[in-house]
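Reader: Please give me a close look at one part, the sheet and the side chains to be considered with it. I would like the cut-offs stated alongside each term.

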Amino acid sequence: QVQLVESGGGLVQAGGSLRLSCAASGRTFEIYNTGWFRQAPGKEREFVAQIRGSDNPAYADSVKGRFTISGDNAKNTVYLQMNNLKPEDTAVYYCRALARGANVYWGQGTQVTVSS
């Protein structure tokens with residue numbers, strides 16, 4: 001089992017920055033891919049960014065050039081640095097881990113609200 005805990009969400013003005021953290025515990029050695037997704041009210045959950053190990057980041061087109069995903073293997077933590085935030089970035093942000101055995105784990109989510 002893997003447990004994921006997100007933190008770092010909050011309220012920020014447009015153009016501001018936030019850094020989200022996703023701390024993993026449990027059988028973290030089984031994780032091979034960690035990603036961030038978000039879900040706005042009335043919308044489906046959508047992909048934001050992912051990283052395989054500590055390399056090979058990938059981003060949704062809507063966040064390219066503004067968001068950066070990174071990992072700290074020593075801390076079993078993945079970060080999402082979000083710059084130049086826009087009101088349309090407002091959503092609950094979820095961390096997702098893919099692990100051996102086709103296991104998928106989700107965190108509880110953290111709210112990000114960007115005011116105009």
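Author: Four strands make up an open sheet in the order β1-β3-β8-β7, and their pairing is antiparallel. A strand here is a DSSP run of E with at least two residues, numbered from the N terminus (helices are runs of H or I with at least four), and two strands pair if DSSP finds at least two bridges between them. The model is predicted, with local features needing pLDDT of at least 70 and side-chain atom pairs counting only at pLDDT 80 or more, while totals for chains, interfaces and linings use all residues. Residue numbers start from 1 along each chain as its sequence is written, and side-chain values rest on heavy atoms, without hydrogens or water.

At the edges of this sheet are β1 (2-7) and β7 (67-72), each of which pairs on one side only. From one strand to the next the twist averages 15°, taken between axes fitted to C-alpha atoms (for helices over the stretch in contact), with angles from 0 to 180 degrees between N-to-C directions. The edge strand β1 is joined to β3 (residues 18-26) by six bridges in the antiparallel sense. One position in that pairing is Gln3, whose bridge partner in β3 is Ser25.

Strand β3 also carries one end of a disulfide. The whole structure contains one such link, a disulfide being a pair of cysteine sulfur atoms within 2.5 Å. Its members are Cys22 and Cys95, with the sulfur atoms 2.0 Å apart. The angle about the S-S bond is -80°, and the link of Cys22 and Cys95 is left-handed. Because Cys22 is in strand β3 and Cys95 in strand β9 (residues 91-99), the pair ties together parts that are 73 residues apart in sequence. Both Cys22 and Cys95 are buried, where buried means under 20% relative accessible area, exposed over 50%, and partly exposed in between (1.4 Å probe, protein chains only).

After β3 comes a loop leading to β4 (31-39), and Glu30 is located in it. Glu30 has a relative accessibility of 11% and so counts as buried. Leaving aside residues up to four places away in sequence, Glu30 touches Leu98, Ala99 and Arg100; contact is heavy atoms within 4.5 Å.

In β4 itself, Trp36 is one residue to look at. Its relative accessibility is 0%, so Trp36 counts as buried. The C-alpha atoms of Trp36 and Arg19 are 12 Å apart, with their positions 17 residues apart along the chain.

Strand β4 pairs with β5 in the antiparallel sense over five bridges. Within that pairing, Phe37 has Phe47 as its bridge partner in β5. The hairpin of β4 and β5 has six residues between the strands, and in it Gly42 takes a positive phi near 80°. On to the next strand, β5 and β6 (residues 55-59) run antiparallel and are joined by three bridges. There Gln50 stands opposite Ala58 in β6.

The aromatic side chains come next. Three aromatic pairs are found in the structure; rings of Phe, Tyr and Trp (its six-membered ring) pair if their centres lie within 6.5 Å, and planes under 30 degrees apart count as stacked, over 60 as edge-to-face and the rest as tilted. Phe37 and Phe47 are edge-to-face, at 5.7 Å centre to centre with 75° between the planes. This pair links Phe37 in strand β4 with Phe47 in strand β5 (residues 46-52), ten residues apart. At 11% relative accessibility Phe37 is buried, whereas Phe47, at 28%, is partly exposed.

Phe37 also pairs with Trp106: the ring centres are 5.2 Å apart and the planes at 70°, so this pair too is edge-to-face. Since Phe37 lies in strand β4 and Trp106 in strand β10 (residues 103-106), parts 69 residues apart in sequence are tied together. Trp106 is partly exposed, at 37% relative accessible area. One aromatic cluster takes in Phe37, Phe47, Tyr94 and Trp106.

Arg45 belongs in this picture as well. Its charged end sits over the ring of Tyr94, 3.7 Å from the centre, and also over the ring of Trp106, 4.6 Å from the centre. The test is that NZ of Lys or CZ of Arg lies within 6 Å of the ring centre and within 35 degrees of the ring normal.
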